[in-house]
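Let's take a walk through this structure together. Have the sequence and the 3D view ready, and we'll start from the inside.

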Amino acid sequence: AGGEDGPSVQATPGRAEVFATVVDTFLEKLVAAGSYQKFANCYRCFYKLQPEVTRSIYDQFISQLQTSVKDEIQEVKNEGNLELLFNSLDKMVEEAKNQEEPAWRPSGIPEEDIRSAMVPYLLKHRSYLRKILKEKEEENRKVAESVLAGRNRIGELQQLIQARKHAWQ
Amino acid sequence: MSVNPMAYEAQFFGFTPQTCMLRIYIAFQDYLFEMMLVVESVILKKLDGFPGCKISTFQIRKSTEKFLLFMKQHFDKLFSKMEEMLLQLVLNIPKNVLLPEDKVHEQYPYSKAQFQALQDEIHQLQQQYRAEASAGQALRAELEEQKAVQAELEKILQWFDGLENICREHGTGNLEESFAFLTQNSKKLQDVLKDVEEKSKKLKQHDQLL
């Protein structure tokens with residue numbers, strides 16, 4: 001096989017390649033089974049009468065069958081965007097290769113599964129609340145300081161007024 | 001034997017792999033039948049060009065059926081093999097693979113209790129915030145009141161200072177002392193008056209007794 005210096009030559013063939021190979025093998029074996037000998041044997045009387053025509057009909061039959069099969073496969077690939085999906089799945093498999101544990105699968109109970117989906121939003125909400133609470137507490141601390149200072153000032157003023165009052169008595 | 005529904009694969013591919021294979025099977029089978037019919041009709045047509053031959057349509061039909069049956073058997077066997085390989089190698093998601101859209105389940109595997117705890121924490125934070133907010137409002141309200149009170153008190157102080165200034169300007173000396181002296185005197189007078197009243201009362205009582 002020609003060894004190319006491609007950017008990334010996969011050691012194991014990707015899904016797209018396997019798919020193509022499996023289909024090709026199927027076709028190969030089918031054609032091999034439906035050999036010309038078998039065909040001619042079944043249509044023996046006609047073969048005896050017209051051997052070249054028999055051959056030509058057989059060739060066309062095989063060719064048409066192969067074309068139809070390949071076209072159908074291509075259509076399925078196009079409709080399902082399979083080329084893309086196979087490559088992306090290959091990538092995911094590669095990325096998960098060091099993980100031995102079975103991955104999460106839908107439990108079938110929506111209420112259970114939705115919990116994890118909601119968690120990121122709840123975490124965001126929680127950190128937002130923590131932030132504004134802290135800001136509010138800080139703000140109130142400052143206002144409380146002003147209030148205390150104000151009370152002191154009022155006390156001062158009251159004392160001064162009392163002093164004046166006494167002085168006038 | 002349980003049938004694997006391949007639901008996760010369906011989530012990824014957008015179709016169930018088994019359905020896909022079935023579709024392909026039916027399509028292939030249809031083509032095979034179609035091709036055989038075409039072969040048969042072509043042969044029959046060719047035979048029409050040989051008026052003298054002894055080959056009947058029935059014979060041709062029999063030949064077609066024979067070949068078709070043979071092909072179908074191989075077709076089914078080979079397709080079954082292909083299906084098995086595709087379902088195992090291509091159209092499947094290995095057990096350890098998680099689709100990217102399901103990443104949250106790996107990142108945040110929260111149990112019911114943990115989830116509830118998170119919700120409770122959020123609820124508590126909301127309440128705390130509300131409490132702080134109303135505390136803040138109360139503080140600010142007092143601040144406003146203080147401003148008004150301070151203004152009043154300062155006015156009174158200013159009034160007192162104003163009086164002092166007036167007295168100083170008019171040279172009446174220390175008006176405060178004068179006022180204080182006056183109030184003391186009036187107090188003394190009041191005390192004296194009281195004394196006198198008491199004494200006269202006593203005298204009257206004395207008179208009555210006598």
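**From the core to a pocket**

Keep in mind as you look around that this is a predicted model. Start with the packing: in soluble globular proteins, nonpolar side chains tend to be buried together. Here, the largest nonpolar core has 62 residues. If you want a way into it, try A:Tyr43, A:Phe61 and B:Phe28, the residues with the most contacts inside that core. Both chains chip in: chain A gives two or more residues from each of H1, helix H2 (36–42), helix H4 (51–79) and H5, and chain B does so from helix H1 (7–13), helix H2 (17–48) and H3. H3(B) has the largest share, with eleven residues.

Apart from this core lies another one, made of nine residues. A:Val119, A:Leu129, B:Phe115 and B:Ile122 are among them.

Now zoom in on A:Tyr43. Leaving aside residues up to four places away in sequence, A:Tyr43 touches B:Met36, B:Val39, B:Ile43, B:Ile60, B:Ser63 and B:Thr64.

Next, hop over to the second largest pocket, with a volume of about 260 Å³. It is lined by 13 residues, and the closest to its centre are A:Thr12, A:Pro13, A:Arg15, A:Asp90 and A:Val93. Which helices supply at least two residues each to this lining? They are helix H1 (15–33) and helix H5 (82–95) of chain A, along with helix H3 (57–90) of chain B. H5(A) gives the most, with three residues. As for the classes, the lining of this pocket is a mix of five nonpolar, five polar and three charged residues.

Definitions and conventions
Residues are numbered from 1 along each chain as its sequence is written. Chains are lettered from A and ligands numbered from 1 in the order in which they are written. This is a predicted model: local features need pLDDT of at least 70, side-chain atom pairs count only at pLDDT 80 or more; totals for chains, interfaces and linings use all residues. Side-chain values use heavy atoms; hydrogens and water are left out. On a 1 Å grid over the protein atoms alone, a cavity is a set of points where a 1.4 Å probe fits but cannot get out, and a pocket is an open set with protein on both sides within 12 Å along at least five of seven lines; lining residues have an atom within 4 Å of a point. Grid points are joined across faces, edges and corners, and a volume is the space filled by probe spheres set on the points. Helices (H or I, at least four residues) and strands (E, at least two) are DSSP runs, numbered from the N terminus. Ala, Val, Leu, Ile, Met, Phe, Trp, Tyr, Cys and Pro count as nonpolar, Asp, Glu, Lys and Arg as charged, and the others, Gly among them, as polar. A nonpolar core is a set of buried Ala, Val, Leu, Ile, Met, Phe, Trp, Tyr and Cys residues joined through side-chain atoms within 4.5 Å. Buried means under 20% relative accessible area, exposed over 50%, partly exposed in between (1.4 Å probe, protein chains only). Contact means heavy atoms within 4.5 Å.
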